[in-house]
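Here's a quick tour for anyone opening this structure for the first time. Have a look around, and then we'll go through a few spots together.

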Amino acid sequence: MKLQYLGTAAAEGQPAIFCGCALCLEAARRGGKDIRTRSQALVDDSLLIDFPPDSYWHMVRHGVDLPRIRHLLVTHTHQDHFYPEEFFYRRPGFCQTEGLLTLYGNDALKARMDGYLLRTGSSYGDSKLACVELAPFVSHQVGQHRVTPLLAAHDRAERCYIYQVEGGGKRLLYGNDTGIFPEATWAHLQGTVFDIISLDCTHGREAEGSNHMGVPDLISIRRRLEDAGCVKDSTLFVATHFSHNGGLLHDQLVEALAPVGYLVAYDGMVAEG
Ligand SMILES: [Zn+2]
Ligand SMILES: [Zn+2]
Ligand SMILES: [Zn+2]
């Protein structure tokens with residue numbers, strides 16, 4: 001399975017918009033892996049996960065074939081993961097694209113989409129869009145992948161998801177945004193072995209664990225995943241969704257995370273598992 005990271009920052013990006021903190025200034029000076037856009041990923045060149053405000057740039061920078069992407073999983077409706085305003089340009093007169101783009105996510109996604117279309121005088125039909133509501137822990141065939149939404153520990157005002165994605169005999173756990181998983185998710189995960197486990201590291205060296213994670217949480221959640229029988233020798237662990245407030249540049253993240261068994265994602269990185 002190919003997992004390409006298109007964006008690896010938390011909501012503000014890095015350097016963060018309007019921010020003059022020391023980390024943002026140094027990130028801008030260094031460039032390269034320290035420039036992080038809002039989080040989005042692409043599985044096997046066909047299944048998009050999340051739709052941040054930087055989706056257009058991801059298409060341009062990483063050569064994503066957006067006109068032909070048919071399936072979009074949405075973890076939750078925070079603006080850095082779901083920015084429906086860009087769908088305005090799927091309407092006639094703005095682009096030439098065949099075929100339907102289907103969005104999959106929670107009940108809040110459907111409500112947001114319905115509201116957005118109403119507000120803009122658009123429709124699912126004229127925008128060649130569809131929206132499918134997924135129930136937690138119920139698997140659904142999405143193109144060539146089997147997708148199971150798992151409950152995240154994140155914004156309690158909506159039912160945020162992380163995703164188990166299976167295809168070609170491989171299995172991915174796409175785990176951001178979340179703190180340490182709720183018990184219902186642990187019950188589902190028990191004994192399910194993953195090839196790639198991608199997790200949230202918003203808080204840098206600090207433990208948080210209830211909405212997001214930091215390095216100490218990543219250490220403890222890896223141990224629990226091992227105890228739950230989710231890990232084999234070849235399982236890749238990847239940390240992503242970094243905030244400038246976490247205070248760590250890419251090299252410092254690698255220093256902190258490589259010894260505890262995590263790759264540090266950067267924009268454009270491909271993980272093959
Ligand atoms: Zn986020
Ligand atoms: Zn900053
Ligand atoms: Zn969020």
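Which residue forms a salt bridge with D114? The partner is K110, and the closest N and O atoms of the two are 3.0 Å apart. Keep in mind as you read that this is a predicted model.

## A pair in helix 3

D114 and K110 both sit in helix 3, which covers residues 107–120. They are 4 residues apart, about one turn of the helix.

How open are they? D114 has a relative accessible area of 33%, so it is partly exposed. K110 comes out at 26%, and that makes K110 partly exposed because the band runs between 20% and 50%.

## The zinc site

Now over to the zinc ion (ligand 2). Its protein donors are C19 (SG), C21 (SG), C24 (SG) and H244 (ND1), lying 2.1 to 2.3 Å from the ion. The 4 donor atoms make angles of 102 to 117° with one another, and the site is tetrahedral.

Along the chain, the donors follow the spacing C-x1-C-x2-C-x219-H. That pattern links distant parts of the chain: C24 is in helix 1 (residues 22–30), while H244 is in the loop between strand 12 (231–240) and helix 6 (250–257). C24 and H244 are 220 residues apart, and both are buried.

## Back to helix 1

Helix 1 has a salt bridge of its own, between R29 and E26. Their closest N and O atoms are 2.7 Å apart, and the two residues are 3 positions apart in the helix, about one turn.

Is R29 buried or exposed? At 62% relative accessibility, R29 counts as exposed. E26, with a relative accessible area of 21%, is partly exposed.

## A bridge between two strands

The side chains of K232 and D195 also meet in a salt bridge, at 2.7 Å from N to O. K232 lies in strand 12 and D195 in strand 11 (residues 194–200), so this pair ties together parts that are 37 residues apart in sequence.

K232 is partly exposed, at 35% relative accessibility. D195 has 6%, so D195 counts as buried.

## The wider picture

How many salt bridges does the structure hold? There are 12. Some of them share partners, and in this way E26, R29, R30 and D251 are joined into one network. You've already met two members of that network, E26 and R29, as the salt-bridge pair in helix 1.

Technical notes. Residues numbered from 1 in each chain as written. Chains lettered and ligands numbered in written order. Predicted model: local features only at pLDDT ≥ 70, side-chain atom pairs only at ≥ 80, totals over all residues. Heavy atoms only, no water. Donors = N, O, S within 2.8 Å, 3.2 Å for Na, K, Ca; no water. Tetrahedral: all angles 85-135°; square planar, octahedral: opposite > 155°, others 65-115°. Buried < 20%, exposed > 50% of the residue type's maximum accessible area, 1.4 Å probe, protein only. Salt bridge = Lys/Arg side-chain N within 4 Å of Asp/Glu carboxyl O.
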